[in-house]
Amino acid sequence: MPFTADVHLTFVPATGEKSWATAQGQLELNELYQQLEGLGRRVRPRVMRVNGVSSLMGEFSLMLSQDSVSALNAAGVAWLEGRDGRTLILTCRVLDSGVVGSVTEWTSLLSKVLSRQTLFSRGAKE
């Protein structure tokens, strides 16, 4: 059975970082969105509409597969290294949730998702 996991990512800005509602915040979120879309998977962003204007909210859901893990890792690393104090929350059915604030924690969390999904897939086959 090929590895897949439905994941939800929340990119949390650092304390004191400007709001997502600013032009700079939306530019950065659009770059993240495009990077996630580059995984070749359907990405579902959380969007807020006010007065006919759509704004990204820093939350994305997507189907993670083995071939997209390295690209997702790159997006997470870019976010965490972009500014001190940023965090990233990953939630999926094979792992309750994980909140990370460093590249090392992010890489470890993705490894846990992969290993738990592999165990889950093997258990389903047997």
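This is a conversation about aromatic pairs, burial and contacts in a predicted model.

Student: What makes Phe11 and Phe60 an edge-to-face aromatic pair?

Tutor: Ring centres must lie within 6.5 Å, and planes over 60 degrees apart count as edge-to-face. The rings of Phe11 and Phe60 are 5.8 Å apart, centre to centre, with 75 degrees between the planes, so by these cut-offs they pair and are edge-to-face. A search of the whole structure finds three aromatic pairs, and this is one of them.

Student: Why is the pair of Phe11 and Phe60 said to tie together parts that are apart in sequence?

Tutor: Phe11 belongs to strand β1, residues 4–12, whereas Phe60 belongs to strand β3, residues 53–65, so the pair joins parts that are 49 residues apart in sequence. Both Phe11 and Phe60 are buried.

Student: Why is the pair of Tyr33 and Phe60 called stacked?

Tutor: The cut-off for stacked is an angle under 30 degrees between the planes. For Tyr33 and Phe60 the angle is 20 degrees, and the centres are 5.8 Å apart, so the pair is stacked. Tyr33 is in helix α1 (residues 23–37) and Phe60 in strand β3, 27 residues apart, and both residues are buried.

Student: Which residues do ring pairs link into a cluster?

Tutor: The cluster holds Phe11, Tyr33, Phe60 and Trp79.

Student: How do you know that the charged end of Arg86 is within the distance cut-off for sitting over the ring of Trp79?

Tutor: The charged end of Arg86 is 3.7 Å from the centre of the Trp79 ring, and the cut-off is within 6 Å, so the distance satisfies it. The definition also sets a limit on direction, within 35 degrees of the ring normal, and Arg86 is indeed listed as sitting over the ring.

Student: Why is Ser61 called buried?

Tutor: Buried means under 20% relative accessible area, and Ser61, which is found in strand β3, has 16% relative accessibility, so Ser61 counts as buried.

Student: What makes the link between the side chains of Ser61 and His8 a polar contact?

Tutor: The distance cut-off is within 3.5 Å, and the side chains of Ser61 and His8 make their polar contact at 2.7 Å, so the distance satisfies the cut-off. Ser61 and His8 are 53 residues apart in sequence, but their C-alpha atoms are 4.3 Å apart in space.

Student: Which residues have the most contacts inside the largest nonpolar core?

Tutor: This core has 28 residues, and those with the most contacts inside it are Leu9, Phe11, Leu36, Leu72, Leu90 and Trp106. Helix α2 (69–82) is among the elements that give two or more residues to this core, and α2 gives the most, with six residues.

How values were computed: Residues numbered from 1 in each chain as written. Predicted model: local features only at pLDDT ≥ 70, side-chain atom pairs only at ≥ 80, totals over all residues. Heavy atoms only, no water. Phe/Tyr/Trp six-rings, centres within 6.5 Å; stacked < 30°, edge-to-face > 60°. Helix = DSSP H or I, 4+ residues; strand = E, 2+ residues; numbered from the N terminus. Buried < 20%, exposed > 50% of the residue type's maximum accessible area, 1.4 Å probe, protein only. Polar contact = N/O pair within 3.5 Å; in protein donor to acceptor, adjacent residues only side chain to side chain. Core = buried A, V, L, I, M, F, W, Y, C linked by side-chain atoms within 4.5 Å.
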